Amino acid sequence: MKSIKFVLVAILIMFSNVILASTNPTEDKVKMTVISKQISKLLENPSFPVERNSSITVRFTVNNNNEIVVLSVEAAHDKELIESYIKSRLNYKKLKSNVKSSIYTLPIKMVSL
């Protein structure tokens, strides 16, 4: 009885390793790079002057129509202005590549010129 349990556990562990190995994390990284480039194109040329460099964190998801839905925007200063700018530029814009529905976090840097 003890050996049967041991064999079943060994088979279960082997099966779970095969499933974990079948996922391809590099493909996900490539997709996120493509998405990041698309989002950076959408955020080009703000309609307001950027007075100082700032780091922004945008949390978004992608709906069934492959559209971006901004969930939150975190900024150190000018939060309302930056948040309205990012939401107006990104909300419900279609992505060119298909992405699974999940919550993504994207760091954005705004650089003053």
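Which residue in β3 does T57 stand opposite? In this predicted model, in which local features need pLDDT of at least 70, side-chain atom pairs count only at pLDDT 80 or more, and totals for chains, interfaces and linings use all residues, T57 stands opposite P107 in β3. Residues are numbered from 1 along each chain as its sequence is written, and side-chain values use heavy atoms, with hydrogens and water left out.

**The sheet and its helix**

Strand β1 (residues 54-62) runs antiparallel to β3 and is joined to it by 8 bridges; strands here are DSSP runs of E with at least two residues, while helices are runs of H or I with at least four residues, numbered from the N terminus. Two strands count as paired if DSSP finds at least two bridges between them. The open sheet has 3 strands in the order β2-β1-β3, with antiparallel pairing, and its edge strands, β2 (68-75) and β3 (103-110), each pair on one side only. From one strand to the next the twist averages 25 degrees. Helix α3 (residues 79-90) packs on the sheet and touches β1, β2 and β3, its direction making about 160 degrees with that of β2; such angles run from 0 to 180 degrees between N-to-C directions, with axes fitted to C-alpha atoms, for helices over the stretch in contact.

Two residues of β1 have the following positions relative to β3.

| Residue | Opposite residue or bridge partner in β3 |
|---|---|
| T57 | P107 (opposite) |
| S55 | K109 (bridge partner) |

**Faces and core**

In a regular strand the side chains alternate between the two faces of the sheet. Along β3, Y104, L106, I108 and M110 point to one face and are buried, whereas I103, T105, P107 and K109 point to the other and are not; buried means under 20% relative accessible area, exposed over 50%, and partly exposed in between, with a 1.4 Å probe and protein chains only.

The largest nonpolar core has 22 residues, and those with the most contacts inside it are I39, I56, F60 and I86. Each of α2 (25-42), β1, β2, α3 and β3 supplies at least two residues of this core. Not counting residues up to four places away in sequence, I39 touches F60, I68, L90 and L106, where contact means heavy atoms within 4.5 Å.

**A buried loop residue**

N66 lies in the loop between β1 and β2 and is buried, with a relative accessible area of 9%. Its side chain reaches the backbone nitrogen of V99 at 3.3 Å.

How values were computed. A nonpolar core is a set of buried Ala, Val, Leu, Ile, Met, Phe, Trp, Tyr and Cys residues joined through side-chain atoms within 4.5 Å. A polar contact is a pair of N or O atoms within 3.5 Å; within protein, one must be able to donate a hydrogen and the other to accept it, and residues adjacent in sequence count only if both atoms are side-chain atoms.
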